[in-house]
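Q: Please take a close look at one part of this predicted model, namely the helices of one chain that bend along their course. A connected account of their geometry and burial would be welcome, with a word on enclosed space at the end.

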Amino acid sequence: MRELIAFWCVRMAIVIIVAALGIIIWFLGKNGLSILSWEFLTEPPREGMTEGGIFPPLVGTLYLILGTIICALPLGVLAAIYLTEYTRQGKVIRVIRLGINNLAGVPSVVFGLFGLAFFVIYLGFGVSILSGSLTLTFMILPTIIRASEEALLAVPQTFREASLALGATRWQTIYKVVLPQAFPGILTGSILGIGRAAGETAPIIFTAATFYTPHLPRSIFDPVMALPFHLYVLATEGTHLEKTLPIQYGTAIVLLGLVLGINLAAIVWRARLRRKKRW
Amino acid sequence: MSARKYKERAIEGIFLSFALVSLVALFFIMLFLFQKGLPIFRVIGPLEFLFGKSWYPTYEPPEFGILPLIMGSLFITVGAILVAIPLGVTSAIYLAEIAHPWIREWVKPTIELLAGIPSVIYGFFGLIVLAPWIQDLFNLPTGLTALTASLLLGIMAAPTVISISEDALNSVPASYREASLALGATRWQTTIKVVLPAALSGISTACILGMARAIEETMAVLMVAGGATLIPTSFLQPVRPLTATIIAEMGEAIHGSPHFHALFAIGMVLFFITLGLNLLADFLTHRFKEAGSGTL
């Protein structure tokens, strides 16, 4: 009997966690879905943000995601290849791993400060897509490295041995045997990191984001509007908090949909890969 | 043959240089935080900075004591942990020890999704739903309090606690459970008296990383914590944690002014707090691994 009560208490904890997710999505969906329309997604804000759509911040966020992918994916995959394929257990590896682990622990607002001091001020990139993407790159680099490492380690050792036994060099083995096998895994893991970059606000506030620009960015040195920053400003600093409420809901639901969509795609794809595994 | 060898060597070198990027990045982060943060100590001593009781950076003369901000972070983090650890560890026990495999298959991705929700969305939800609710419940002048931030952060930090605790529970060898069950213990007794102690250091790691997650959270606490820079005495007061201060004030701080440097110095403090927590977690994990293999 006591056992039964204990088990039910334990079940309650998981119910609370799952319910929290459900309530947040339900609440935003209930209030936000009705405002969604093609115009909302494709028109710029009007009348001091109280009307119109969210086209510029949506595009800005997509630019930032794209910039981050372009920088972070190659960096992360190449680093992971060194760590898994060339590892000779030793001091170098241990120090590198310590670096990666601690980079993963750096608070997002500190990344923002670093981006401001280094990319915006020191390198003179200004508040721009470039500065923002590079800042986000360093933030998600550890995630991409870990995901890639996991995917590379999942390729059976026998594949490598077979290739090396046929006279292929190490590089040929990596390039022609290991990478193609690991590629889908690398991608799904990395997408989860990208999803995080899409929703982050603190690192881009000082490095990329602007509350309002009349035109879309023309180069990577232009600042952009971004969905998370847009939502933050509308919800906290606007002069017409009540009037912009529908737009706040709309922005929130689009941002949530974007991030959850990215993550869900990665999770579903990963589950299918695991089921289909041929070795 | 030797040309081929050189080429291989060169390729390995290229990979090594990419692997070093994270390390270099970490070094640069420290370098630039120090470069912009240390000048504040020409204006105010380190001890006065850390333990000064008032933060009025825009007053004349300005005051740069960050104790109220540290206390704000501490209140919120303690509150968040009180939510996240019981909830997270019990959920992990459920997932690892009790749940049917098909439930696990559904709940784990759900938790991953929960971890993926942007913090500004949590902040928005807290602002619109949680804060008014807290305000009504306790009959307060404002719903933006340390308690509101703690509840929100507790839910946000729970996925971290769950996933690491669950890994720790799963790595307890099945033979431990079998031995306990064979001695006539029930499943609950086995879980509480055998599995949980065996996974204890892994679970402590989970709790420490959950704590780090709560301290470093920025947007959500900025939106719901209220922002008062007084030293808090109760959970029902508005507070302003370290992270929120940086975001809220950087826009108005003039580049190169003491205020600007003070905000970077707050970044340094945050950096070292989280670095310390991560190193502690790292240490615990390694000790755990050694103990595990040693006793088998």
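A: A residue is called buried when its relative accessible area is under 20%. In this predicted model, 23 of the 32 residues of α4(B) meet that description, so the helix is largely enclosed by the rest of the structure. Helix α4 of chain B runs through residues 67–98. From its first C-alpha to its last it reaches 44 Å, close to the 46 Å expected at 1.5 Å a residue. The helix is nevertheless bent by about 25 degrees at A84(B), and a proline, P86(B), follows within four residues.

Helix α6 of chain B, residues 119–138, bends by about 45 degrees, and the bend is placed at G126(B). G126(B) is itself buried, as are F125(B) and L127(B). The buried residues of α6(B) also include S119(B), V120(B), I121(B), Y122(B), G123(B) and F124(B). Further along, L130(B), A131(B) and I134(B) are buried too. Just after the helix, N139(B) adopts a positive phi of about 55 degrees.

As for enclosed space, the model has three cavities of 30 Å³ or more, and the largest cavity holds about 50 Å³. Its lining comprises eight nonpolar residues, one polar and one charged, among them L136(A), E200(A) and P228(A). Helices α3 and α8 of chain A each supply at least two lining residues, and α3(A) gives the most, with three.

Technical notes
Residues numbered from 1 in each chain as written. Chains lettered and ligands numbered in written order. Predicted model: local features only at pLDDT ≥ 70, side-chain atom pairs only at ≥ 80, totals over all residues. Heavy atoms only, no water. Bend = angle between axes of the 7 residues up to and from the residue. Buried < 20%, exposed > 50% of the residue type's maximum accessible area, 1.4 Å probe, protein only. 1 Å grid on protein atoms, 1.4 Å probe; cavity = no way out; pocket = protein on both sides within 12 Å on 5 of 7 lines; lining within 4 Å. Points joined across faces, edges and corners; volume = space filled by probe spheres on them. Nonpolar A, V, L, I, M, F, W, Y, C, P; charged D, E, K, R; others polar. Expected span 1.5 Å × (residues − 1).
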